[in-house]
Amino acid sequence: MYGNEPPCEVLYCYGIHHVSFRCYAMSVNDVKWISHALNVVCDADLGCYVDLVELAGRIANVRYDPRVFSGLVWQHINIGGNCLVFASGKINCNGRASSFDEGRRRLRRYARMLQRLGWNVTLTNARVVTASAPTH
(Lines give C-alpha, C1' and ligand atoms only; values in the text may rest on other atoms or scores of the structure.)
Protein backbone atom coordinates (compact mmCIF):
# COMPACT_ATOMS: atom_id res chain seq x y z
CA MET A 1 0.00 0.00 0.00
CA TYR A 2 0.91 3.65 -0.10
CA GLY A 3 0.95 4.58 3.60
CA ASN A 4 -2.38 5.34 5.31
CA GLU A 5 -4.56 5.19 2.20
CA PRO A 6 -7.66 3.00 2.33
CA PRO A 7 -7.62 -0.16 0.22
CA CYS A 8 -10.35 1.33 -1.99
CA GLU A 9 -11.65 4.82 -2.70
CA VAL A 10 -15.09 5.90 -3.81
CA LEU A 11 -14.94 6.93 -7.47
CA TYR A 12 -18.47 8.14 -8.09
CA CYS A 13 -21.94 7.69 -6.68
CA TYR A 14 -25.12 7.09 -8.68
CA GLY A 15 -27.69 8.71 -6.41
CA ILE A 16 -27.92 6.89 -3.10
CA HIS A 17 -28.18 3.31 -4.33
CA HIS A 18 -25.00 2.61 -6.25
CA VAL A 19 -21.35 3.39 -5.56
CA SER A 20 -18.26 2.55 -7.58
CA PHE A 21 -14.87 1.88 -5.98
CA ARG A 22 -11.33 1.79 -7.35
CA CYS A 23 -8.93 -0.53 -5.60
CA TYR A 24 -5.21 0.19 -5.37
CA ALA A 25 -3.75 -2.91 -7.04
CA MET A 26 -5.13 -5.16 -4.34
CA SER A 27 -5.16 -8.88 -4.88
CA VAL A 28 -8.54 -10.47 -5.31
CA ASN A 29 -8.39 -12.04 -1.83
CA ASP A 30 -7.47 -8.82 0.03
CA VAL A 31 -10.68 -6.85 -0.53
CA LYS A 32 -13.42 -8.41 1.60
CA TRP A 33 -15.43 -5.51 3.01
CA ILE A 34 -17.85 -4.97 0.11
CA SER A 35 -20.69 -7.37 0.88
CA HIS A 36 -22.40 -7.62 -2.53
CA ALA A 37 -20.83 -6.33 -5.74
CA LEU A 38 -22.73 -5.61 -8.94
CA ASN A 39 -19.78 -5.37 -11.30
CA VAL A 40 -16.22 -6.49 -10.71
CA VAL A 41 -13.39 -5.69 -13.13
CA CYS A 42 -10.33 -7.93 -12.83
CA ASP A 43 -7.14 -8.03 -14.82
CA ALA A 44 -4.10 -10.27 -14.96
CA ASP A 45 -1.03 -11.26 -16.94
CA LEU A 46 -1.21 -14.33 -19.18
CA GLY A 47 2.55 -14.83 -19.18
CA CYS A 48 2.74 -15.09 -22.97
CA TYR A 49 2.14 -13.02 -26.07
CA VAL A 50 -1.12 -13.66 -27.95
CA ASP A 51 -1.59 -13.47 -31.71
CA LEU A 52 -4.95 -11.71 -31.79
CA VAL A 53 -5.56 -12.30 -35.51
CA GLU A 54 -5.15 -16.05 -35.03
CA LEU A 55 -7.26 -16.02 -31.88
CA ALA A 56 -10.06 -14.09 -33.61
CA GLY A 57 -10.11 -16.70 -36.36
CA ARG A 58 -10.30 -19.64 -33.96
CA ILE A 59 -13.06 -18.61 -31.55
CA ALA A 60 -16.62 -17.32 -31.85
CA ASN A 61 -18.25 -14.22 -30.35
CA VAL A 62 -15.22 -11.95 -30.73
CA ARG A 63 -14.66 -8.48 -32.10
CA TYR A 64 -11.19 -7.48 -33.23
CA ASP A 65 -10.49 -4.42 -35.35
CA PRO A 66 -7.04 -3.01 -34.58
CA ARG A 67 -7.91 0.25 -36.35
CA VAL A 68 -10.58 0.95 -33.72
CA PHE A 69 -9.26 -0.77 -30.56
CA SER A 70 -6.01 -2.62 -29.98
CA GLY A 71 -7.58 -5.38 -27.90
CA LEU A 72 -9.78 -8.32 -28.78
CA VAL A 73 -13.25 -8.21 -27.18
CA TRP A 74 -14.47 -11.71 -26.32
CA GLN A 75 -17.96 -12.52 -25.04
CA HIS A 76 -18.25 -16.21 -24.27
CA ILE A 77 -21.84 -17.41 -23.91
CA ASN A 78 -21.26 -19.83 -21.00
CA ILE A 79 -18.71 -17.80 -19.04
CA GLY A 80 -20.52 -14.48 -19.33
CA GLY A 81 -19.25 -10.95 -19.10
CA ASN A 82 -16.71 -9.37 -21.41
CA CYS A 83 -13.07 -10.25 -21.73
CA LEU A 84 -10.46 -8.00 -23.30
CA VAL A 85 -7.33 -9.77 -24.52
CA PHE A 86 -4.29 -7.76 -25.59
CA ALA A 87 -1.34 -8.90 -27.69
CA SER A 88 1.05 -8.16 -24.82
CA GLY A 89 -0.58 -10.91 -22.77
CA LYS A 90 -2.78 -8.74 -20.58
CA ILE A 91 -6.34 -9.91 -19.93
CA ASN A 92 -9.19 -7.89 -18.47
CA CYS A 93 -12.59 -9.32 -17.48
CA ASN A 94 -15.65 -7.31 -16.54
CA GLY A 95 -19.36 -7.77 -16.40
CA ARG A 96 -22.07 -8.64 -13.94
CA ALA A 97 -20.39 -10.50 -11.11
CA SER A 98 -21.85 -10.77 -7.64
CA SER A 99 -18.56 -11.21 -5.79
CA PHE A 100 -14.81 -10.87 -6.13
CA ASP A 101 -14.46 -14.64 -6.25
CA GLU A 102 -16.88 -14.84 -9.18
CA GLY A 103 -14.87 -12.21 -11.05
CA ARG A 104 -11.70 -14.17 -10.35
CA ARG A 105 -13.32 -17.42 -11.55
CA ARG A 106 -14.34 -15.73 -14.80
CA LEU A 107 -10.79 -14.55 -15.34
CA ARG A 108 -9.46 -18.06 -14.75
CA ARG A 109 -12.04 -19.62 -17.09
CA TYR A 110 -11.11 -17.30 -19.96
CA ALA A 111 -7.42 -18.02 -19.35
CA ARG A 112 -8.10 -21.76 -19.29
CA MET A 113 -9.88 -21.54 -22.65
CA LEU A 114 -6.82 -19.81 -24.13
CA GLN A 115 -4.68 -22.59 -22.68
CA ARG A 116 -6.85 -25.22 -24.37
CA LEU A 117 -6.41 -23.40 -27.68
CA GLY A 118 -2.66 -23.90 -27.45
CA TRP A 119 -1.19 -20.81 -25.80
CA ASN A 120 1.28 -21.34 -22.96
CA VAL A 121 -0.78 -19.44 -20.37
CA THR A 122 0.36 -18.89 -16.80
CA LEU A 123 -2.08 -16.57 -15.05
CA THR A 124 -0.22 -14.17 -12.76
CA ASN A 125 -0.85 -10.82 -11.04
CA ALA A 126 -4.63 -11.27 -10.86
CA ARG A 127 -6.15 -8.23 -9.19
CA VAL A 128 -9.39 -6.35 -8.75
CA VAL A 129 -9.30 -3.05 -10.66
CA THR A 130 -12.78 -1.66 -10.02
CA ALA A 131 -15.83 -2.83 -8.12
CA SER A 132 -19.32 -1.36 -8.11
CA ALA A 133 -21.63 -2.09 -5.22
CA PRO A 134 -24.97 -0.94 -3.84
CA THR A 135 -24.89 1.24 -0.75
CA HIS A 136 -27.86 -0.26 1.07
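Here are three short exercises, with worked solutions, on a predicted model.

**Exercise 1.** Find where Gly71 sits, and work out whether Gly71 is buried or exposed.

*Solution.* Start with the address: Gly71 lies in the loop that links strand E4 (62-63) to strand E5 (72-74). Next, look at the relative accessible area, which is 2% for Gly71. Buried means under 20%, so Gly71 counts as buried. Now check who is around. Skip the neighbours within four places in sequence, and you'll find Gly71 in contact with Leu52, Arg63, Tyr64, Val85 and Phe86. Take Phe86 from that list: Phe86 is 15 residues from Gly71 in sequence, yet their C-alpha atoms are 4.7 Å apart in space.

**Exercise 2.** Do the same for Asn92: is Asn92 buried or exposed?

*Solution.* First, place the residue: Asn92 belongs to strand E7 (residues 90-94). Then take the relative accessible area, 18%. The cut-off for buried is under 20%, so Asn92 is buried. Finally, list the contacts, again ignoring neighbours within four places in sequence: Val41, Cys42, Asp43, Asn82, Cys83 and Leu84.

**Exercise 3.** Which residues of the largest nonpolar core touch the most other members, and which element gives the largest share of this core?

*Solution.* The core has 26 residues, and the best-connected ones are Leu46, Leu55, Trp74, Val85 and Ile91. Elements giving two or more residues include strand E3 (39-45), helix H1 (52-58) and strand E8 (124-134). The largest share, five residues, is from H2. Now zoom in on Leu55: leaving out residues up to four places away in sequence, Leu55 touches Val50, Leu72, Val85, Leu114, Leu117 and Trp119.

Conventions: Residues are numbered from 1 along each chain as its sequence is written. This is a predicted model: local features need pLDDT of at least 70, side-chain atom pairs count only at pLDDT 80 or more; totals for chains, interfaces and linings use all residues. Side-chain values use heavy atoms; hydrogens and water are left out. Helices (H or I, at least four residues) and strands (E, at least two) are DSSP runs, numbered from the N terminus. Buried means under 20% relative accessible area, exposed over 50%, partly exposed in between (1.4 Å probe, protein chains only). Contact means heavy atoms within 4.5 Å. A nonpolar core is a set of buried Ala, Val, Leu, Ile, Met, Phe, Trp, Tyr and Cys residues joined through side-chain atoms within 4.5 Å.
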